[in-house]
Amino acid sequence: MSVTPDPGPNSSPRKQPAPASDPAQQQPLFRERLLPGPGAWIVVVALGSIVGLVMVPIDLTLAIVVGIVCVVIAIVLAVAYSPVLEVAGGRFRLGRAQIEASLLGEPEVLRGEDWQRTIGQDFEPLAHHCVRGWARTGIRVEVLDTADPTSAWVASTRRPDDLALALRSAQHSD
């Protein structure tokens, strides 16, 4: 049985700084929030405004206040529900899902017809998808883990080359 000495009344307990290798302390190699495109923002503002418009027959001041509040709430919800793509600490996070970068194959950057085919006619039911209609590019990364039933990760991104480079860097740093 080991005994820890009493620090004494004048000493204050100090937390030791986290080591630099702690994944929570590292800067992400890549981070992107898939915010909606301009058309979706117009719809968000229009829907919030419609709620205020319905209140006009009751009271104009109330309608304006309710409309503004609804627009703000709609904008906050649109941002809050936009998924985040992040490569940090040797892990690839896609929305709420995450996987070790070492369990992934070579990232494939997809644009134009290749992207449309991947999310259309060549759709993989067993792949993990995070696809947004306003993003015209994306990546596909095969899952190498034989115990994982997911065949690949397919993600929309406005910066596919940066994401692919970050994934390669995370894979080679292990």
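Here are three short exercises, each with a worked solution, on how helices and strands are arranged in this predicted model.

Residues are numbered from 1 along each chain as its sequence is written. Local features need pLDDT of at least 70 and side-chain atom pairs count only at pLDDT 80 or more, while totals for chains, interfaces and linings use all residues; side-chain values use heavy atoms, leaving out hydrogens and water.

**Exercise 1. At what angle do helices H1 and H2 pack, and which residues meet?**

Step 1. Find the helices: H1 covers residues 38–54 and H2 covers residues 60–80. Helices (H or I, at least four residues) and strands (E, at least two) are DSSP runs, numbered from the N terminus.

Step 2. Read the geometry. The two helices pack at about 150°, with axes 7 Å apart. Axes are lines fitted to C-alpha atoms, for helices over the stretch in contact, and angles run from 0 to 180 degrees between N-to-C directions.

Step 3. Name the arrangement. H1 and H2 are therefore roughly antiparallel (over 145 degrees).

Step 4. Look at the contact (heavy atoms within 4.5 Å). Residues of H1 including Trp41, Val44 and Gly48 meet residues of H2, among them Ala63, Val66 and Cys70.

**Exercise 2. In what order do strands S1, S2, S3 and S4 form their sheet, and which stand at the edges?**

Step 1. Recall the general idea: strands of a sheet pair through backbone hydrogen bonds, either parallel or antiparallel.

Step 2. Write the order. This open sheet runs S1-S2-S3-S4, with antiparallel pairing. Two strands pair if DSSP finds at least two bridges between them.

Step 3. Spot the edges. S1 (30–33) and S4 (97–100) each have a single partner strand, so one side of each is left without a neighbour in the sheet.

Step 4. Check one pair. S2 (residues 84–88) and S3 (residues 91–94) are joined by 4 bridges, and Ala88 has Arg91 in S3 as its bridge partner.

Step 5. Add the helix. H4 (residues 160–173) packs on this sheet and touches S1, S2 and S3.

**Exercise 3. Which parts does the salt bridge of Arg31 and Glu86 tie together?**

Step 1. Set the cut-off: a salt bridge is a side-chain nitrogen of Lys or Arg within 4 Å of a carboxyl oxygen of Asp or Glu.

Step 2. Compare the pair with it. The N to O distance for Arg31 and Glu86 is 3.0 Å.

Step 3. Place the residues. Arg31 is in strand S1 and Glu86 in strand S2, so the pair ties together parts that are 55 residues apart in sequence.

Methods
Angles under 35 degrees count as roughly parallel, over 145 as roughly antiparallel, 65 to 115 as roughly perpendicular and the rest as oblique.
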